[in-house]
Amino acid sequence: MTTMETRAAGTAAAAAGSEEIITGCDAVAQALRLADVDVLAGYPIRPYDSVMTAVSKMIANGQMDAEFIVAESEHSQFEIGKHASLVGARAFIGSSGVGWMYGMEALVVTSSLRLPVIALVGNRALDDPGAFGVEHNDALMVRDTGWLLYWVESAQEALDTTLLAYRVAEDKRVMLPCALSMDGAFLTHSQHIVQVPGPAPVAEFLPPYDLGDRRFHPDNPVSIAPQFNEDWVMEARRQADAAMRRARGVIAEATADFRRVFGRGPDDPFVDTYRMEDAEYALIGMGTVGLVGKVAVDRMRAAGRRVGFVRVKWFRPFPRPELRALLRGVKGVGIVDRDYSFGSNAHGGVLYTEVAAALYPEPTRPVIVPFIAGLGGREVSVENIEEMTDITEELTARGELDASCQWIGVRGPASDPRYDVERGAR
Amino acid sequence: MSAGAVDVTYRGVFQKNLAGVITKELVKAARREDKFGGTVARYGDSPERNGIPAKQFAVIASDMASLQVEMTKYEPDNVVVVAVMDDTLAKGIESWAWYGVRPINLNLAPGGTLLVISRQDPAALLKWIPRRPQPWTLAILPGEPSFGGLWVYNDDGTDYRTMGAIARVTDGLVSLESLIAQAAGTRDGGKREQQLREGYEAVQLHQVAAGEGAEDTYVPVQMPDWTQMREGLVVPAVEVGRTNELFMKYTTRTARPLIKFDACVKCQICYTVCPDECFIPTPEGHYDVNYDHCCGCGICAQSCPVSGCIEMVNEAVFDGNEPLHGVYERDPAAYEELRAEKLAKAGGPVPHYGIY
């Protein structure tokens, strides 16, 4: 976005709201302005860093009043965000790929201190090789550590979910950090149609950040994060577990309130379902793969095939009840992982493992086929989705309950002695 | 089918090697009797601080299953001997990982033995050691505490004399013969055998009746459950001007600073350098000492510019932690008498204390 456009956006937004053509990163920046974020810490790495550019322009133009600290590394950046949050400032951090990894220690202490920092992860392949394209492994690395995790599909959703994330994370019943994942390139660097709201509904939706009696301040003498030993750690973990359990209810409540205040927004807070009503087959994925997935579903529906798409939005907390309800009666499910988990169950991705585990208690389970696609930013096409559906249907017809993971869009033979070494023993 | 443990309670860093040799050699000797064994270094004590009370255990079991169960505990059960490597530890022990000062004999199994290396008599030690509901044995191995360092093997025989004493008091956990056989395979085996026999013979046993000993003031810290703890790892801070009642630190001390108030030039250096803020200004500008929180590091004595003003004196000659400036205020001459008496009893100040 040019400076002129940014100014225009700011002015127009001050009145009522406006339609803009902006990138996913710009959309997050707009949300940060609207949320009146106090402290932003940054360290540049593609593709997330467009948000740094957008925010610094708004601060320079006087459209946003915030401390913007460019740190010397991601580790320091995340620590700055954590400490800002600890003294009562609404804070924002972000990174991509190995940058996110480099700050891992700071990330895990942010969640264990139960500080509602919001992060943007512009999903990027982990080095090596040095690659800018999207893979979800970066954000997924914190999946077990008490971070709320969300994957957006569009720039609009990025803006809306940033506001929603602050509301949920800062809720007294939750108090957990939230990482918003956005596919590198397809969202971070592409401009989309976005409705930018004015300040009034945001003020109504998002109350001021209040850390209460945990705020680190000379008037409130407390000691934070002392050395704990075996006498205390398990209770602290239990508290985080309880917070994550409570988050589901808070997300549902906040999503409903978002619809009330803004007059738009999703019906289901946790999953984005597309033509699943009478579906016999379903594909499940996260992020922008939903955009093509839905188009592929339309095509296949037009050809008379009963196929639907389910996009997992909140990965933490994981939408187990929704997936179980949605997939009840579905014959075959293909899981599209834009990540890898080498050596895991069926050599599938992370989403596959989670969905399969969620469906295990069901009395009748569909055939579940793990797919890996779109690694390192490789495009996932409508044809790829159709191919995955074909394979899922075929394996379902064969009753293949122990399907091996299929790589879609990789050069080379699908079957090869160097690959099928585990056949029969997987 | 049983396991017994020897708890070696020692001064962190200074006696870590000592405790390590004792526990490991006990296990090796027990293996010669076809018993099973292992050692447990109490994890919370690490990384150790200079002088802080710490523990290592030797676990000796009749069978593998009994051993396995004990090896997954921070502190094994059925402690039949607590071997105390420095008698001032008998005043109580407070690991940096704990909450509050614990009695030295807290985990001693009923009928067990507290073995102390000391020059004191049982009555003097029992002034510090809390009473137990069951009878127990106080064993004294005459000697001075052996202090070394992390990289130093202090070859003064304390390790093997202690093992010999343990063989005597445990009645079959590990025999003197096995220890001698084990030592025979090491360098200086003959010297080791001599030391084992010395310890075996020299240890003096004293039966302590139920209820005999100091008052037991130990109150275990109540652990809140997850709904009672504050969220976000927040704990109340110690207010300015107050001290942490949950971490006293004095049990780390082997010598304490004793001040000649008449010599004090009120320079405030001790007040400034004390890492634990133990110097309390008095109205006339002296500095009293908070002995509850003094860990005995000796930095004050090293930093004091006046010769003979702050001196480090063996902790064993003191009872209690009351500050002493009150005695001086009431009667300076009486205070000087007290100081002289303590120094005489201790054989003078500890030379070169705290210089490493």
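The radius of gyration used here is taken over C-alpha atoms, and the globule rule is 2.2 Å times the number of residues to the power 0.38. Keep in mind that this is a predicted model.

Q: What radius of gyration does chain A have, set against the globule rule?
A: Chain A has 426 residues, so a compact globule would come out near 22 Å. The C-alpha atoms fill a box of roughly 65 × 55 × 40 Å along the principal axes. The value for chain A agrees with the rule: 22 Å.

Q: And what radius of gyration does chain B have?
A: With 356 residues, the rule puts a compact globule near 21 Å. The C-alpha box of chain B is roughly 70 × 55 × 40 Å along the principal axes. Chain B agrees with the rule, at 22 Å.

Q: How many helices and strands are there in chain B?
A: Start with the partner: chain A carries 14 helices and 16 strands. For chain B, the tally is 10 helices and 12 strands.

Q: How much area is buried between chain B and chain A?
A: The contact draws on 23 residues from chain A and 17 residues from chain B. Carbon and sulfur atoms give 63% of the buried area. The total is about 2000 Å².

Q: Which residues in chain B lose the most area to chain A?
A: Three residues together make up 34% of what the chain B side buries. They are W226(B), E231(B) and L233(B).

Q: Which residue of chain A does E231(B) meet in a salt bridge?
A: The rule finds three salt bridges across this interface. For the one at E231(B), the N to O distance is 2.7 Å, and the cut-off is 4 Å, so the pair counts. The partner side chain belongs to R114(A).

Q: How many residues on the side of chain B that touches chain A are nonpolar?
A: Between the two chains, seven residue pairs are in polar contact, both at pLDDT 80 or more. The touching side of chain B also includes three charged residues and one polar residue. The nonpolar ones number 13.

Q: What is the bridge partner of I224(A) in strand 8 of chain B?
A: Strand 9 of chain A (residues 222-224) and strand 8 of chain B (residues 234-236) pair across the chains. The sense is antiparallel, over three bridges. Within strand 8, I224(A) is matched with V234(B).

Q: What is omega for the cis peptide bond that joins D127(A) and D128(A)?
A: D128(A) sits in the loop between strand 5 (118-123) and helix 7 (137-140) of chain A. A cis peptide bond also joins R316(A) and P317(A), with omega about 0°, and P317(A) lies in the loop between strand 13 (314-316) and helix 12 (320-327). For D127(A) and D128(A), omega is about -15°.

Q: Where is phi of D36(A)?
A: D36(A) is in the loop between helix 2 (24-34) and strand 2 (39-42) of chain A. Its phi is positive, in a residue other than glycine. The value is near 50°.

Definitions and conventions:
Residues are numbered from 1 along each chain as its sequence is written. Chains are lettered from A and ligands numbered from 1 in the order in which they are written. Side-chain values use heavy atoms; hydrogens and water are left out. Contact means heavy atoms within 4.5 Å. Buried area is the accessible area (1.4 Å probe) that two parts lose on being put together, summed over both. A polar contact is a pair of N or O atoms within 3.5 Å; within protein, one must be able to donate a hydrogen and the other to accept it, and residues adjacent in sequence count only if both atoms are side-chain atoms. Ala, Val, Leu, Ile, Met, Phe, Trp, Tyr, Cys and Pro count as nonpolar, Asp, Glu, Lys and Arg as charged, and the others, Gly among them, as polar. Two strands pair if DSSP finds at least two bridges between them. Helices (H or I, at least four residues) and strands (E, at least two) are DSSP runs, numbered from the N terminus.
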